[in-house]
Structures are given as C-alpha cells and as structure tokens.
Amino acid sequence: CWLQFPDGVIFSVVLSMALPAGRIAGARFLRTAGNWSQATGFPWVDGGSLVIPSRHYAATFRAKKKKLTEVKKQPGLSPEEREKLMNDTSRPKPYGLTAWEPVDDVYVVRYYPKPVYEIETAIEMLKQFQKLDFTDPDQEVYLELKLDMALEKKKKVDPFVSIIHLPYPFVLETNKVLVFTENAKEAKVAEDNGAAFVGGAELIEKILDEEIEADFYVAVPDILRKLFPLKNKLREKFPKIKRGSVSRDIPKMLELFKNGHQYQIVNDYLVHTQIAKLDMPSEQMLANVDAIIKDVCTHKPLSYGPFIICSFLFSATSESLKFKFERFLPKAEEKEEEIKAEDSD
C-alpha cells in the first residue's frame with residue numbers, strides 16, 4: 001500500500017494478512033497517518049475489516065472554478081447619437097425626457113430639454129438675474145463654445161490658441177509685452193512702440209528667477225534658439241510663429257498683444273473665455289460675441305461642416321443660457337472671397 005502525504009513524502013506499507021503483527025502495525029500506521037509514536041492502544045478490526053477513519057486535517061483540493069461566460073454588453077448610444085435623438089423635433093417627445101416644453105411655471109429642469117434663446121434675450125436675462133440676486137453689476141460675462149474637432153477619417157483639428165482685437169475691450173489696462181531681440185535698432189523700435197521689457201539672452205535668468213514677468217512674450221526669429229531654456233517656464237506663452245509672436249514686424253506684434261484678447265481650446269473641444277462685463281451695453285457684448293465666433297471658425301475649413309455644435313452665455317453668478325449662434329457663422333460667399341484673395345496673393 002502506497003501512502004502520499006501533503007508534504008510530498010511517500011511511504012510504502014506492506015500489509016500481510018498472514019502475519020498478525022504486520023496487519024496490526026499497518027492498521028495503526030494508517031489510523032495515525034504515519035505518526036508511529038501515537039500508534040498504540042486502539043482496536044484495528046471491525047467485522048474482519050480494517051478501520052481507517054477519515055482525517056479531518058488532511059489536505060483538500062480546491063474545486064476548480066467554472067469559467068463564467070462573459071456576457072456581451074450591448075453597445076450604448078454615443079454622445080453624438082444621443083444628442084441627435086434629443087434634437088429630433090419630429091418625435092412626440094424628446095429622447096429620454098418628459099416633454100418638449102413644461103406646462104407649469106414650476107418644474108424639474110432635468111426632465112425637459114434646455115431652452116435655446118436668441119442672444120439678445122440671453123443677455124437681458126443675465127442682467128435681470130443680477131438685479132434679482134443683488135450680485136455685483138460689474139461681474140464677468142463668459143462665452144462657451146462646444147466644437148466639432150473632427151476632420152476627414154481619424155484626423156482632428158489641433159488645439160489652438162488665438163488672440164484677437166475685440167471691438168469693445170472690457171479691460172482698461174494694456175498688456176505687458178516683453179520683446180526678445182539683440183539688435184539695438186529693433187530694441188529702440190520696441191521701446192518706442194510701448195514694450196514693457198526689451199532685451200536679449202540676458203533676460204533668461206531674470207525670467208527664471210521671476211524677477212521679470214509679462215503678459216505676453218514676443219521675439220525676432222534670430223534669437224529664438226537661445227530661448228529654449230524658457231520653454232518649460234513660459235509654456236503656452238513661449239514665442240511661436242503660429243501664434244504670431246515671432247516676427248520681424250515688431251510694431252505689428254506689439255499692437256496685437258498690447259490690446260489683444262487671448263482665448264484657447266480647453267478639454268480638447270471647448271472654448272471658454274470672457275467676452276464682457278455685465279454692465280456693458282448689450283450691443284457691445286453682442287459685437288464681442290460675433291468677433292470671437294467668427295475668429296474661432298477660421299481654424300477649421302468650411303468644407304468639413306459646422307465647427308460649432310452649441311453655445312452658452314453666462315455670468316460669474318448665473319446659470320448658463322444656451323443661445324442660437326447660426327447668425328454669427330461665416331457665410332460660404334465670404335469664405336470663397338477669402339480663398340480667391342489668398343490665391344491672387
């Protein structure tokens with residue numbers, strides 16, 4: 001009889017039915033699981049058979065877990081498909097909501113689609129909110145645009161930073177602009193046109209030590225290679241040709257950045273920027289919205305379809321109001337004229 005124990009040791013025990021002594025010794029060995037020191041003083045025969053009790057402390061094998069078949073999840077609607085269904089006015093009620101419009105004056109907002117206002121109405125509502133809430137009349141007003149960054153196939157519009165001149169600036173102070181140049185004549189031109197700081201590579205250490213800080217940094221092409229140590233420090237403010245902050249036309253750069261308004265893409269598809277103060281006239285706020293939307297649309301070709309998906313207007317203390325933006329989009333005729341002008345040049 002071969003016995004194997006959990007520690008891997010195998011013993012061979014010969015049970016001889018002819019020799020009572022061997023049968024007794026074998027039974028006692030089996031009864032005590034190989035512990036010969038305890039194999040004494042107990043019976044081993046029960047009706048002519050050996051009594052071998054089960055060992056409760058013996059090693060047990062874990063049952064193999066059955067492989068659970070993976071349940072295939074049904075693909076849900078994408079955000080674009082969901083929004084398309086919610087905007088389908090041919091349905092008796094909007095997808096996932098209660099009705100197109102509430103019947104009562106008091107209702108749960110999440111059960112109904114967000115109303116879309118004319119921009120003049122949205123501006124007047126923001127002004128009314130301020131009066132009802134007794135908040136600051138000089139608070140900031142923000143514009144948020146949700147963009148469709150997709151191009152052909154898997155290509156997308158690269159996130160961009162842009163700076164423009166608003167028709168009605170809401171900041172009275174001019175921006176501090178630093179000009180990098182090592183040419184004495186160019187430095188004199190920069191100073192005459194209102195540059196806050198002018199210098200060459202000697203300004204790098206002062207900027208790293210935060211002794212000098214400006215709102216915008218511009219440079220001439222010759223010095224650009226010497227400015228690489230500032231890349232991690234300035235980050236988005238580092239001079240780049242695409243942003244118009246690297247050029248030999250110093251007066252033009254200073255004119256743009258001293259009084260310009262900068263906005264950029266956040267979260268890969270949103271434009272979130274201030275456009276006015278709440279106490280400004282509605283006509284001025286409307287003109288600033290028009291300027292920003294038209295500038296945003298220049299970053300994607302018109303042939304790929306609408307760039308803006310939806311637009312919101314809100315103040316620092318109010319809820320966001322969705323407004324109609326289609327009237328501000330550039331027309332196809334204007335785009336064709338721009339293309340012809342570029343070809344002629």
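Strand 7 gives the largest share of the lining of the largest cavity, namely 3 residues, and I should say at once that what we are looking at is a predicted model. Strand 7 spans 161-164, and together with strand 10, at 216-219, it makes up the elements that give two or more residues to that lining. The residues lining the largest cavity include Val-161, Ser-162 and Ile-163, as well as Phe-216 and Tyr-217, and further along the chain the lining takes in Glu-236, Lys-237, Phe-238, Arg-243, Ser-245, Phe-257 and Gln-262. Sorted by character, the lining divides into 6 nonpolar, 3 polar and 3 charged residues.

How much space lies in the largest cavity? The computed figure is about 100 Å³, and a search of the whole structure finds 1 cavity of 30 Å³ or more.

Let me turn to the sheet, where strand 7 appears again. Here 7 strands form an open sheet with mixed pairing, in the order 5-14-13-6-12-11-7. Why is one side of strand 5 and of strand 7 left without a neighbour in the sheet? Strand 5, at 116-117, and strand 7 stand at the edges and each has a single partner strand, so there is no neighbour on one side of each.

Within the sheet, strand 11, residues 261-266, runs antiparallel to strand 12, residues 270-277, and 2 bridges join them; Ile-265 stands opposite Val-271 in strand 12. Packed on the sheet is helix 3, residues 119-133, which touches strand 5, strand 6 at 140-147, strand 13 at 308-315 and strand 14 at 321-323, and the direction of helix 3 makes about 165° with that of strand 14.

Terms used. Residues numbered from 1 in each chain as written. Predicted model: local features only at pLDDT ≥ 70, side-chain atom pairs only at ≥ 80, totals over all residues. Heavy atoms only, no water. 1 Å grid on protein atoms, 1.4 Å probe; cavity = no way out; pocket = protein on both sides within 12 Å on 5 of 7 lines; lining within 4 Å. Points joined across faces, edges and corners; volume = space filled by probe spheres on them. Helix = DSSP H or I, 4+ residues; strand = E, 2+ residues; numbered from the N terminus. Nonpolar A, V, L, I, M, F, W, Y, C, P; charged D, E, K, R; others polar. Pairing = 2+ DSSP bridges. Contact = heavy atoms within 4.5 Å. Axes fitted to C-alpha atoms, helices over the stretch in contact; angles between N-to-C directions.
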